[in-house]
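Trainee: Before we turn to the model, could you take me through how a cavity, a helix and a salt bridge are to be read?

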Amino acid sequence: MAPITLYVKANLDEPSKLGDCPFCHRVYLYLKLKKLETKLELIDFYNKPEWLIRVNDGKVPVIQETEGGEYLPDSDKIVERLEEIAPEPSLRPKTPSGLGAKIFPAFRAAVLNPSEANDQILYSELDTLEKYLSENADKGAFFGGAYLDGFDAAFSPKLYHIIVAMKALRDITVLDKYPLLAKYFDAVSATPEWKETDYGEAAIISGWKRHQAMHNVGKH
């Protein structure tokens with residue numbers, strides 16, 4: 001099977017390095033967990049190619065299964081396609097539908113529009129995830145049980161952003177209140193698949209500082 005080309009965000013400060021997009025991270029993790037050969041293509045967001053603007057309004061991730069083949073955007077659609085291409089090992093989530101679905105919008109609101117109300121919405125989402133880990137502790141270290149699954153691939157990059165950005169921009173150590181989520185993230189970040197796809201905390205901090213600056217300009 002030919003390598004699957006994955007188009008992802010490049011680091012905004014160092015375009016030759018992987019950028020901090022959690023949705024790209026999800027797909028990259030998925031490919032690693034599926035052990036599918038991958039050709040990584042970094043997209044400079046200051047100079048997006050015309051085809052990407054045409055195909056997906058300049059957004060990533062996008063995959064291309066064969067050279068010159070069709071482009072497939074959207075992380076949800078991509079991971080579903082990867083299940084079709086390589087059904088084993090199955091990474092289909094074992095978690096309840098909707099678990100964690102609101103976590104990233106809640107985080108975005110808390111980091112860009114700080115308020116007690118927005119913080120409580122974020123904590124409520126984290127409470128639910130902590131509770132799930134507590135109730136399923138006998139199944140393994142991950143939401144997928146003994147091994148990472150599709151839920152982990154989607155959620156752990158978001159948790160990474162929450163941990164790093166809330167500390168850097170809000171001086172809040174989020175996981176102090178969530179020992180099981182802290183243990184979970186330690187386990188995820190120790191896996192070889194994570195180590196191969198990690199873009200580093202500095203990229204997250206730089207990215208969210210840009211988001212914050214743009215958000216603040218928009219408020220005036």
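Mentor: A cavity, on a 1 Å grid over the protein atoms alone, is a set of points where a 1.4 Å probe fits but cannot get out, and its lining residues have an atom within 4 Å of a point. Grid points are joined across faces, edges and corners, and a volume is the space filled by probe spheres set on the points. This is a predicted model, in which local features need pLDDT of at least 70 and side-chain atom pairs pLDDT 80 or more, while totals for chains, interfaces and linings use all residues. Residues are numbered from 1 along each chain as its sequence is written, and side-chain values use heavy atoms, without hydrogens and water.

Trainee: How much space lies in the largest cavity, and which residues line it?

Mentor: The largest cavity holds about 40 Å³, and its lining includes Lys 9, Asp 13, Asp 20 and Ser 206.

Trainee: How is a salt bridge recognised, and which residue pairs with Arg 26?

Mentor: A salt bridge is a side-chain nitrogen of Lys or Arg within 4 Å of a carboxyl oxygen of Asp or Glu. Arg 26 forms one with Asp 76, the closest N and O atoms being 2.6 Å apart. This pair links distant parts of the chain, Arg 26 lying in helix 1 and Asp 76 in helix 3, 50 residues apart, where helices are DSSP runs of H or I with at least four residues, numbered from the N terminus.

Trainee: Is Arg 26 buried or exposed?

Mentor: Buried means under 20% relative accessible area, exposed over 50%, and partly exposed in between, with a 1.4 Å probe and protein chains only; Arg 26, at 13%, is buried, and 11 of the 13 residues of helix 1 are buried.

Terms used
Helix = DSSP H or I, 4+ residues; strand = E, 2+ residues; numbered from the N terminus. 1 Å grid on protein atoms, 1.4 Å probe; cavity = no way out; pocket = protein on both sides within 12 Å on 5 of 7 lines; lining within 4 Å.
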